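Open the model in your viewer and follow the stops below. Each one says what to select and what is there.

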Amino acid sequence: VTVAFSAPIQRDGGPIDSVTVRKPKGGDLRGTKLTELMAADVDAVAKLIPRITSPSIQHHEFFGLDADDLAELIGTVVGFFLNRAQREVLQTMTGT
């Protein structure tokens with residue numbers, strides 16, 4: 001899933017205006033609690049983000065994101081943990 005930022009992350013190699021977020025595998029979840037990830041806990045998601053983004057977003061960059069970009073990135077991660085029925089309900093509610 002590609003997430004575009006409204007305010008790009010500034011790096012020496014140039015700004016990052018979007019990242020690709022991949023569905024985490026078991027090893028990516030080491031040191032995290034699924035309940036915290038599914039509850040959109042910012043600190044829990046911050047542990048996971050560097051492992052599943054390309055280019056890799058580091059902790060300080062994650063915490064420096066604008067609120068709307070942070071919310072979209074966290075929502076993308078939470079979406080990976082929804083089952084089919086939950087995704088269908090969400091799609092019905094949002095019209096997407």
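Start with the whole chain: of its 96 residues, 34% count as buried (under 20% relative accessible area; over 50% is exposed and in between is partly exposed, with a 1.4 Å probe and protein chains only). This is a predicted model, where local features need pLDDT of at least 70, side-chain atom pairs count only at pLDDT 80 or more, and totals for chains, interfaces and linings use all residues. Residues are numbered from 1 along each chain as its sequence is written, and side-chain values use heavy atoms, leaving out hydrogens and water.

Switch to cartoon. You should find 5 helices and 3 strands (DSSP runs numbered from the N terminus: helices are H or I, at least four residues; strands are E, at least two). Trace them from the N terminus: β-β-α-α-β-α-α-α. The radius of gyration, taken over C-alpha atoms, is 14 Å, close to the 12 Å of the globule rule for 96 residues, so the chain is as compact as a globular protein of that length. That rule is 2.2 Å times the number of residues to the power 0.38.

Show the C-alpha trace alone. Along its principal axes it spans about 45 × 35 × 20 Å.

Now select Val3, in strand β1 (residues 2–9). Is Val3 buried or exposed? Its relative accessibility is 1%, so Val3 counts as buried.

Next, display the contacts of Val3 (heavy atoms within 4.5 Å). Setting aside neighbours within four places in sequence, Val3 touches Asp17, Ser18, Val19, Val21, Glu72, Leu73 and Thr76.

Finish with a distance: Val3 to Lys47, C-alpha to C-alpha, is 18 Å, across 44 residues of sequence.
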